[in-house]
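Trainee: I would like to go through this model term by term. Please set each value against its definition.

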Amino acid sequence: MPLQIYNTLSRTKEPFTTLESGKVQFYCCGVTVYDYCHLGHARSYIVWDIVRRYLQWRGYDVTYVQNYTDIDDKILKRAAQTDQDWQVVTQTFIQAYEEDMARLNILAADAYPKATESIPAIVDLIQELETKGVAYAAQGDVYFAVEKFPGYGQLSGRLLDQMEAGASGRVEQPKQAEQKKRHPLDFALWKAVKPGEPSWDSPWGPGRPGWHIECSAMVNQCLGTEIDIHAGGSDLVFPHHENEIAQSEAALTSRLARYWMHNGFVNVGGEKMSKSLGNFTTIRQLLDTPLPILSGQTLNPMALRLFVLQAQYRKPIDFTDDAIAAAQQSWQTLKEGLLFGYDYGAQLQWSDYNDPDFGNPANMRMPDPSVAVQRFQLAMDDDFNSPSGLVVLFELAKDLRKAGNILSHQGETSTTSDQLREQWQTLVCLSQVLGLEAQPDSDADPSGLEGGLSEQAIEALIEERKAARLAKNYAESDRIRDQLKAEGITLIDQAGGVTRWLRE
């Protein structure tokens, strides 16, 4: 079965075909750089990262472009509030964005065009719209005439007379602007300069671009008149992406994108995350703040990534303490599997154990896919079904963890070294497709308690249990066994008073 992608435009899954064989032109709407990124941004950009990674794994040459909106009312407001130059604000939060994405192991885009660096392309596109009679100037502003574009509403599925301007909460409609417009839904392509604001020259006088036109111009400038995938959050369907389609297709007389993809919202305790509700969390707050649910530990960035991937990307995802704790525990399981080769490769006499590139997935691709690889691909081919893909990863990781425990306590297993090598390299390769990676000591918790008990703590509890049994304090002995069981540790009592343990 070929790769199937849910297309917001057609409201159905469609087989994935590209404009040019083997190549994908992929544009994702980026951030407005006036504040730190939040959990909603984390979900969105993790999702598009795994879409990009999976397409590359399937053999496509992907060109991925993601813009920065670096001039906007919110940016100017933040600059005024902090008494900073607006360009200092944008540069501060561009840098913060890049730091946050790197921590989440999100690949850098091939290009990050900025609105302020795309002014000539924006002006050219507006002039083309004006020439074709679908844009009009009004006292230094320029508006798109939605009634002139018959397909308006095709993406959101709304009828023109049912829509309301600024429905996303992103676009403010001052009374003065309303008086200039011919139709309430006409949207600004160019805004006349206001006192004290930055501006650029244009045929309509000094001003700055509207929000929607930026992306249309940057798509065309970086990728061409038609692309394969255009992506963003569900909140962008209307009006932003609806307006992009209208602008681009009216000006360039070609389809803007073959596939429109949108990720679902993040809810917090069942409510949509928002600043007004006080449930707003930035990425760095979440990763840097010790959490009571994690016994005072901080959340591992890979656990956050895993939390996002455990839900189908189009569905809402609920951020709760229990969900985060489960994600941290799940990451511990997966990490142990990913580190298996580093922990046991020497013992298993793997010939490349000491090579500098040991563990590099680029050197691990198997010419004949295993059953696990086939199952993973079948899952991901179904509209990037990461929850089903993760099932395959966890099966491999748990098998490797069991093998590691047996190797630690018995010295050998019934599984051959070659079989274990194949399982490990399969896990490492497939995990990298989802951006889930671990290196020895790269994220070690000094307490040794991340997501589970350390070996030292386990051995100490076993000794306490042994002492309790010698004292015939069987209630205490049973309590310790149950405590270890709750931590995923199975005890095996053998002859001679020896107790082995296995991590489930």
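Mentor: What follows goes from the whole chain to cysteines, strands and one helix.

Mentor: This is a predicted model: local features need pLDDT of at least 70, side-chain atom pairs count only at pLDDT 80 or more, and totals for chains, interfaces and linings use all residues. Residues are numbered from 1 along each chain as its sequence is written, and side-chain values use heavy atoms, with hydrogens and water left out.

Trainee: What makes a stretch a helix or a strand, and how many are there in the protein?

Mentor: Helices are DSSP runs of H or I with at least four residues, strands are runs of E with at least two, and both are numbered from the N terminus. The protein comes to 16 helices and 15 strands. Its C-alpha trace spans about 95 × 50 × 40 Å along the principal axes.

Trainee: What share of the 504 residues is called buried?

Mentor: Buried means under 20% relative accessible area, exposed over 50%, and partly exposed in between, with a 1.4 Å probe and protein chains only. Buried residues make up 52%.

Trainee: Why is Cys28 not bonded to Cys29?

Mentor: A disulfide is a pair of cysteine sulfur atoms within 2.5 Å. The closest cysteine sulfur to that of Cys28 is in Cys29, at 6.5 Å, so it is too far for a bond. Cys215 is in no disulfide either; the nearest sulfur, that of Cys29, is 3.8 Å away. By this rule the count is 0 disulfides.

Trainee: Why do Cys28 and Cys215 count as buried or exposed?

Mentor: Cys28 has 0% relative accessibility, so Cys28 counts as buried. Cys215 has 1%, so Cys215 is buried too.

Trainee: How do you know that strand 1 and strand 2 pair?

Mentor: Two strands pair if DSSP finds at least two bridges between them. Strand 1 (residues 4–7) and strand 2 (residues 12–15) have 4 bridges, in the antiparallel sense. Gln4 stands opposite Pro15. The two strands form a hairpin with 4 residues between them, and Arg11 in the turn has a positive phi of about 60 degrees.

Trainee: Which strands make up the open sheet of 4, and which are its edges?

Mentor: The order is 5-6-7-8, with antiparallel pairing. Strand 5 (135–138) and strand 8 (207–209) are the edge strands, as each pairs on one side only. The twist averages 20 degrees from one strand to the next. Inside the sheet, 3 bridges join strand 6 (residues 141–144) to strand 7 (residues 187–192). Tyr143 has Ala188 in strand 7 as its bridge partner.

Trainee: What lies across these strands?

Mentor: Helix 4 (residues 119–131) does, at about 120 degrees to strand 7. Axes are lines fitted to C-alpha atoms, for helices over the stretch in contact (heavy atoms within 4.5 Å). Angles run from 0 to 180 degrees between N-to-C directions.

Trainee: How do you know that the span of helix 15 agrees with its expected value?

Mentor: The expected span is 1.5 Å times one less than the number of residues. For the 16 residues of helix 15 (residues 455–470) that gives 22 Å, and the end C-alpha atoms are 23 Å apart, which agrees.

Trainee: Why do its buried residues line one face?

Mentor: The buried residues of helix 15 are Ile458, Leu461, Ile462, Arg465 and Ala468. Seen down the axis, they fall within an arc of 120 degrees, so they line one face of helix 15. The arc is taken over directions from the helix axis to the C-beta atoms. On the other side, Gln456 and Leu470 are exposed. The cover over the buried residues includes helix 16 (474–486), strand 14 (489–493) and strand 15 (499–503).
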